[in-house]
Structures are given as structure tokens and as C-alpha cells.
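Biologist: Please take a close look at one part of this model and then set it in its wider surroundings. A plain account for a first-year student would do.

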Amino acid sequence: CKVIDSYEEETMEARFGCLTSAQENFTKGKYEWAAKQTEEQIKLLRYQRRLEEEFSRAYLDLSLHETMRKLIAEGNTKVVEQMRKEFKVPDRRFWWLKVIAFSESGDFIELEKF
Amino acid sequence: MASHLSNGPVNLGVLRESYRRELLECLDKCTGSKALVWDDNLTGPIGLIAEYSLLKEHEVDKMFPLRPGRLQPSNVQNIIFICRPNLALMENIAQNVLKEEEMGGFRKDFHLFFVPRKSFLCEKALKDLGVYGTFTNVDEFCLDLIPFDGDVLSMEMDLSYRDCVLNDDWTSLYHAAKALMTLQALYGIIPNIQGKGPCAKHVVEMMLRMRREMAGQEPQIMAQIDHLLIIDRSTDPLTPLLSQLTYEGLIDEIFGINNTTVKLPGEKFAPQGKGGDEAAENITTTEPKKFILNSTEELFAELRDRNFNAVGPLLSRKAKLIAAQFDERHSAKTVGEIKQFVSKLPHMQAAKTSLATHTSIAELVKEETTKEEFMASLRAQQEFYGGMETDKAHPYIEDCIAKLEPLVKVLRLICIQCICNNGFKPKMLEFYKREILQTYGFEHLITLHNLEKAGLLKIQGARTYPTLRKTLKLIVEEVNEQNPNDISYVYSGYAPLSVRLAQIAHRPGWRSIHEALNLLPGPTIDEIQQIPMELRRRSQTGEQKVTLVFFLGGVTHAEIAALRFLSHQEDSPSEYIVATTKLITGDSWLKSIAENLSAKSYNPF
């Protein structure tokens, strides 16, 4: 299974390769939903890599949720807004996400704003 | 020792005795001093068969866990590997053997025993690794069903369900059929067989074939078990997913019971009234404390199957009783009376210690059950099996996901909702799945896929659950937790479907629920094994029959409790013994189906 393989590859490029072929296979096998998710995972990995370069912090292999939480706690709300739109995060969870992230970073002023 | 095994409906001590004999025969094949190298999965189960002192009598000097690399040095004549036929372990064995050979020194004999059976693949792997020829003996120790208690047997194969539903690997079913043959060799042919589900069908077929192959060489033993009922977990996936509410079930859910032993945080059980420096105390108290839980302990036998809400009152009643007994000494006047009192003392002391232990355990459990998370999850479960609002995303589940509660808890709730809703609408299912991937990570795609393949998550199909709920009376509104009158007390209002099937099989019979049975997956099995007249059990009027219920794919403590409850009913037609591939909780069961993945640390260069 290519998805399992992708976690075993050490270099980023090989992982993209694995995931892309997983995506193709999902499409061939008529698992459109899974193919779509794989596509999003690739997108997320690219995001994470860019963010790592930008802020030189580790984001890779965090889930989308955790990536966003980390970003909020670090005050990068702009990127988060963008990601939220792009990955279509439901409001209810996003609200929880913000509450938890702000309380973690001790940002009570932001927390008050709700 | 092992007295708890002989007080059930049939004497399971006999089974244990036969396994012990077999183990010792295996060991005696190798003459001289021995070191045993154990597969970790087997130390617990085999510990229930033979204690260390017995092994010592048979010249076992050392015991090691099976690890990759080199064995610890020892100067024994024989090195005996005891392991499951698991390919991954073969490599470890080969390394051990090769390293030992390299060392030179005086020659040791190597032996290998597979439990319960040899596997062709494993033997081939050993040949490929070039060590097969080194073994003096490659044999098997047919330990199939490990007696856990007077009425509980388990194969301790945790991957059985996964293998059957995900990989179409029926090895464990073969072992189950073999195990049933062993039981029949000891306790006589079981005349009536019933079963439900695809796996049950396989087991019954294999079993009947094995009997035909033995043609005419059957041991002439009086039938002690009248009825065999095989239930495939896939006919009732809902029950193990719900939170068990019996005392033993809760201990298992919260702390995990392995091979009848539970490890609990030590602080609660530290001997009181000890002064001294705190540092030393911290070391002693942080160590987990082990307790063996079986029916040898009178108090536990009484407590284990109670609804947890009934445990507190019972404990306090017991405490008063013991206090009253101790007070009797004041009324003892004559020497005779005092003597009588003193003779009771050891028993009373033991009862007092056991009471103290269980009061502490109950406190630990109560800490968990009074938590808001536990209550909220229970409320959600009750809404689901009651059939309320199951077709919408449940706010509590959404919150759990957002708060990153343990994934297995979330999956349990979603699967419960899915089963009670007869599957989800595609959009709902995709919503939950997406939420999980986004929150817990993409790697869980495979777990989700496994759950779908296992039928725990599915697209909406025929509406079977409401019919089943009604015809099998799964939901009971008024539950009496203190003095239960129905098996539904074990889940405070939900009667385990599996146990309902067992109950109805005897009275009024499965024919009465013909339609409900057709709604459940897999064929219904009804077979009779002919046995000669003289071996039939003479059923005296009023005598209870004995039924063996075999759960393929695991059974929970709450289900066992429900069966015991049936056994103890005054007008019950039968007593029950339980056998299973593995004792499970919802968590351990789901984990066995899920995929375990973690990304390799990423190397940026």
C-alpha cells in the first residue's frame, strides 16, 4: 500500500512520489474520496515545508489541526485563516481550536475577544 | 492452587492438568538443564498453566524474553524457544541461535516449540535464515484454550478478528475448531451445536470434519457439556463498543486486565502509618501494584459481575458484617466459644484484607466514572442505542475531536452511532472521516479503511437495528442495578445482543426469532452430533444443562457477567461456560483492527 510506504520514505521527494501514485491508484480504484484526501495531504505537506522554511520551526507530520494550533499559539493568524479556507475547516472545530490554542499560549486578551 | 478452576459447571482443572502434562512432556524431551526463551505474548497465559516452581523441578534454570540480538550468557545444556508461529519472531530466534553458535564454547542443544501449532511459513523462514538444521527439536505445544476461571476459557489471540475480517486469514478459526476437539476429548462429544455468523459456520464445519476423520476412535466419555453455541463477533459488533458498567468490566476498561492480573497505581495500596523519609516512600508507592482477579477470592467473585452502582452498597454491607463478626469476641465467654472464634480468625482476616483492597479499587474506578468525560460519553452512547438523533453529526463527538481526545474513544463513539443508525449517509460518513484526518492526521486513512472493511463504519443500508432492538428487547427502560432482573443491567439499560441470543436459544428457542436472525449477518447453524445412547447425559428433572458459549473475535467481561447472571437464575434451563479467542474491551478490540503508523523521522538532507 502506497500510503503506508509514504511514511517509510525518508526524503520529502520520495514521499510526494508515493502519495501521488497512491492518489492515482485511488482514482483508478474509484475511491474518489480517498484520492481527494490524499491530494489534500500532499497540499498540507507542501504547506508545512514552506512554513518550516519561513519560520524555521518543525511542523512536518503534524495533522492539519495541530499545525494550525501551533501557528495560532505562535501568533501567525494570517496563515491560519488562509489554511482554514483552503482546507474548509468547520466553524465549530475552528472555534475550539482557537480557544485551546489561545489558552495554551496564555493569550487571554485574544481569548476575551470571543 | 487453581482451585478456582474446579468450581464451575464442568471441572476445567482437568483441562489445565492435561496442558500441564503436555508442557512437561515437551520439556522432558530435552534432557539436562534448560533455559527457556519466551515470546512475550505467552508468558502470561502459560503462567496460568504452570508456575515457575514446577518448571524448576524440570531443570529449568533460566528464563529470558525473546529479543533480537544475543542471548544473555548462561551455561545450560538446552535452549528452548517457546513462541507463537509469528514470522516476525523467527528473525529474532535466528539471531539468537547464530550469535550463540558464534560464541562457541561447549555445545548447546536448541529446541523450538510453537504454541499452539507449527506453521509451514515459519519453518520455511527458519530454513531461509539457515538455522532450521540447528534445532534438535522443532515441535508444538498445543495450548489452545487457557483456563482463566472456573467458567472462562480464552485463546488469547488478539488478532483473530482482524485476521478474519481484514485478511481473510482463518488460521485462528482452525485453532478454535482444534480447541473444541480437545474439549470434546476431555468432556465428551457435545450433542447440540448452534451458531450464528460466517466464522461460526467455518468452525462448525471444520469441527464436524475433524470428527469424521477420527471415525470410530472417539474416547468413550460421558457427555458433560450439552450444548455448544458459537457466536461470531460480527453478528454483534455493538456490544463491545459500549462502555461496560460492571465492576470487572470497568476495571478492564480503565486499567486493563491481562491474564486475570491487573496493575494499579501503587499509592492507594501503600501500607498506612509508615513514617520515615519521603524520598524512600515515593519509590515504593509509584510502583504499580499487581492484583490477581479470579473467583478464588470470595469477595471478588461476588462483586465482579455487579453493576458498579451496586458495588458501593455491597462493600459497606460487607464492612458491617465483618465488624460484627469481630465484635463477637466480646460475647465469647466460655473457652469453647473463644476457641471457635479463634478458628474463624484467619478467614476473617483474609476477608478484611480483601475488603480493603476492593474498597480501594472501587475508589479508583469511581474517580474515573464520576468524571465529566465519562458521563458525557455514556449519555451519548445511551442516546445512540436508544435511536435518538443518530442521523446527524453528534455535537459531543465533534467536541471530542476538536479537543483531541484519544482517537480510539472517538472511533468507538462514531462506530456505535453508525451501527445504531444502520450506517451513515455518505455525506455524514465523509464529514466524520475528514474531521478525523484533519485533526488526528492523514495516516489514519488506513484505520478508517479497515473499519469500513470490518463493517463497523458503513454507508446506510437496510434498517435492521430498530427491528432487532424491538424483537430482541435490547433496550430495557427500567433497570434495577441493585437487584437485577434482566441481563440489561450490565450496560445499565442495554442488553447485549450476543447474550440475548444465548438466552433465547434455550427459551423459547431460536425458531421464535427466526426473522431477527435473518437480519443478522451470516448463516444460522443448527447441528446435532449423534452420540451413543450410553454416553448421553441422563437428564434428571430439574438439573441444569451445561452450555458452552464460544465467542469468535472476543468477548467482554460484561457479556460474561450477563451469562453468569443467566446461570444463576432460579428457573434457568442452563449453566454457561464461556470460551473466546480473546478477552476484549472496546478499546483493545478497535486497536486490534486499527493500523499503527508513525512517520519516520524526516531527514531534510
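Modeller: What follows starts from one residue of chain B, then turns to the domains of that chain and to chain A.

The model is predicted. The residue is B:Glu100, and it sits in helix α4 of chain B, a helix that covers residues 87-103. Is B:Glu100 buried or exposed? Its relative accessible area is 7%, and the cut-off for buried is under 20%, so B:Glu100 counts as buried. Which residues does B:Glu100 touch, once those up to four places away in sequence are set aside? They are B:Leu71, B:Ile79, B:Lys108 and B:Phe110.

Next come the domains. In the domain assignment of chain B, domain 1 runs over 3-143. Domain 2 is given in two pieces, 144-236 and 475-605. Domain 3 covers 247-339, and domain 4 is again written as two pieces, 372-421 and 423-461. Between the C-alpha centres of domain 3 and domain 4 of chain B the distance is 38 Å.

Chain A can be described as a whole. It has 7 helices and 0 strands, so its pattern along the sequence reads α-α-α-α-α-α-α. Of the 114 residues in chain A, 42% are buried. Among the contacts in chain A with a separation of 6 or more, 34% join residues 24 or more positions apart. The area that chain A exposes is about 6200 Å², and carbon and sulfur atoms supply 51% of that area.

Definitions and conventions. Residues numbered from 1 in each chain as written. Chains lettered and ligands numbered in written order. Predicted model: local features only at pLDDT ≥ 70, side-chain atom pairs only at ≥ 80, totals over all residues. Heavy atoms only, no water. Helix = DSSP H or I, 4+ residues; strand = E, 2+ residues; numbered from the N terminus. Buried < 20%, exposed > 50% of the residue type's maximum accessible area, 1.4 Å probe, protein only. Contact = heavy atoms within 4.5 Å. Areas by Shrake-Rupley, 256 points an atom, 1.4 Å probe, with all protein chains shown as cover. Domains from an automatic or database assignment.
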